[in-house]
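Colleague: I should like to request a close look at the place where the ligand sits, together with the aromatic rings of this model. Please explain each term as you use it.

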Amino acid sequence: MRRRLRLRRDASLTLLLGTALGLLLYSQRDGGAPTTSAPQARGRVAPRPTLGPRTFQVPEAGAAPPAYEGDTPPPPTPTGPFDFGSYLRAKDQRRFPLLINQPHKCRGDGGPGGRPDLLIAVKSVAADFERRQAVRQTWGAEGRVQGALVRRVFLVGVPRGEGTDGTDTVGAGTRTHWRDLLHAESRAYSDILLWAFDDTFFNLTLKEIHFLAWASAFCPDVRFVFKGDADVFVHVGNLLEFLALRDPGQDLLAGDVIVQARPIRARASKYYIPEGVYGLPAYPAYAGGGGFVVSGTTLRRLVGACAQVELFPIDDVFLGMCLQRLRLTPEPHPAFRTFGISQPSAAPHLRTFDPCFYRELVVVHGLSAADIWLMWRLLHGPHGPACAHPQPVAAGPFQWDS
Ligand SMILES: *[C@@H]1O[C@H](CO)[C@@H](O)[C@H](O)[C@H]1NC(C)=O
């Protein structure tokens, strides 16, 4: 967390944007009008609803383009400058074996269920056992939720520096036996998908295309898929409520949509992209990687579209490129917050542990395993959310009164 904040500080623009967003949230939380002194935040915040319930607003075309604001969690922290040369040389290799599969995930196999209504796919890394446990026990629990059948998988690659034989080559004293762990988890929970590529930040695009291919092969009839990071809290009830009105046979990809983001040309940035790799001034619209939902139809179409797009090292932008190929634009959804909300100075009462804040969101990003678990307990405790603020926090499609 601290490291991420430090990274942010590097780019003062990003910090400015974050502060502006925080202030904007703060003002909206109190029911006030969005502050006009935050022009930088408009592109990203524009998706917030000002229309009637369950309508969606297209971001303003003239809005100031936000810089790419990555808020991707720890696993994929690149060390040192990114080697574009070797990335470009290696990027034709885009198929890696599946080392742990869950071939029955979407089949009933005699048991109840069968085709899931919602498949939850969570990007994880081998070492992050605790977050996986938190997700399993909370929002990612399998079974029936509001009548919908929910299934879950974790998407994992091979930890860097550790061979696919499963032994840690770094130090004999600290052998992690990550592979034993993943196999044991797979036996216990049947929710691990492990591929044979290095689990690094810039390989998240590989994770994306391998998951898309897996889902269309092993989960061909799934109605909707939520894909997100392991550090998010997802309000599955709100998500299902939104999906109940949608047709899985139609195209849909909804999330925290970022429009007109400019590639970062500063070499020192984690997200530095040379002009030779991406020459256009702005990325296509894309959904921030913290979490998005996609219909079964769009998922299957994306498999083919992404196969024709050259690998690009930022996974959510890459998916935006695949969508563009399909001439689809992602749908901005106001309740997907793929940025963190725990910056106390910017918004003192947007605290992580305010259940009233959570109850109308779909996705919140940047949480520890303990945060996730505690939020779940607060929202699903015997007394329901104990709200200090009885009135809805913000006007939007996701007010539910408990
Ligand atoms: C991606 O994974 C492959 C296969 O493990 C590895 O050779 C490559 O270095 C990784 N790429 C990045 C950018 O980490």
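How far from an oxygen atom of the ligand does a polar side-chain atom of Arg 160 lie?

Modeller: The distance from that atom of Arg 160 to the ligand oxygen is 3.1 Å. Before continuing, please note that this is a predicted model, in which local features need pLDDT of at least 70 and side-chain atom pairs count only at pLDDT 80 or more, while totals for chains, interfaces and linings use all residues. Residues are numbered from 1 along each chain as its sequence is written, and side-chain values use heavy atoms, with hydrogens and water left out.

Two further residues place an N or O atom by a ligand oxygen. Asp 198 does so with a backbone N or O atom, at 2.8 Å, whereas Asn 203 uses a polar side-chain atom, at 2.3 Å. A polar contact is a pair of N or O atoms within 3.5 Å; within protein, one must be able to donate a hydrogen and the other to accept it, and residues adjacent in sequence count only if both atoms are side-chain atoms. The ligand taken alone exposes 360 Å², and the protein buries 68% of this area; such areas come from the Shrake-Rupley method with a 1.4 Å probe, and for residues only the protein chains shown count as cover.

The shell around the ligand consists of Phe 82, Phe 96, Arg 160, Phe 197, Asp 198, Thr 200, Phe 202 and Asn 203, a residue being near the ligand if one of its heavy atoms lies within 4 Å of it. By character, four of these residues are nonpolar, two are polar and two are charged. In this scheme Ala, Val, Leu, Ile, Met, Phe, Trp, Tyr, Cys and Pro count as nonpolar, Asp, Glu, Lys and Arg as charged, and the others, Gly among them, as polar.

The rings may be considered next. Rings of Phe, Tyr and Trp (its six-membered ring) pair if their centres lie within 6.5 Å; planes under 30 degrees apart count as stacked, over 60 as edge-to-face and the rest as tilted. This rule gives 10 aromatic pairs. In one of them, Tyr 278 and Tyr 283, the ring centres are 5.0 Å apart and the planes meet at 50°, so the pair is tilted. Tyr 283 also pairs with Phe 312 in an edge-to-face manner, with 5.6 Å between centres and 75° between planes.

The latter pair joins distant parts of the chain, 29 residues apart: Tyr 283 belongs to the loop between strand E8 (253–258) and strand E9 (286–295), and Phe 312 to the loop between helix H9 (296–307) and helix H10 (315–325). Helices (H or I, at least four residues) and strands (E, at least two) are DSSP runs, numbered from the N terminus.

Tyr 278 is buried at 10% relative accessibility, Tyr 283 is buried at 3%, and Phe 312 is likewise buried, with a relative accessible area of 3%. Buried means under 20% relative accessible area, exposed over 50%, and partly exposed in between (1.4 Å probe, protein chains only).

Elsewhere, ring pairs connect Phe 96, Trp 195 and Phe 197 in a cluster; Phe 96 and Phe 197 are also among the residues around the ligand. Finally, Lys 270 lies over the face of Phe 201, 5.1 Å from the ring centre. A charge sits over a ring if NZ of Lys or CZ of Arg is within 6 Å of the ring centre and within 35 degrees of the ring normal.
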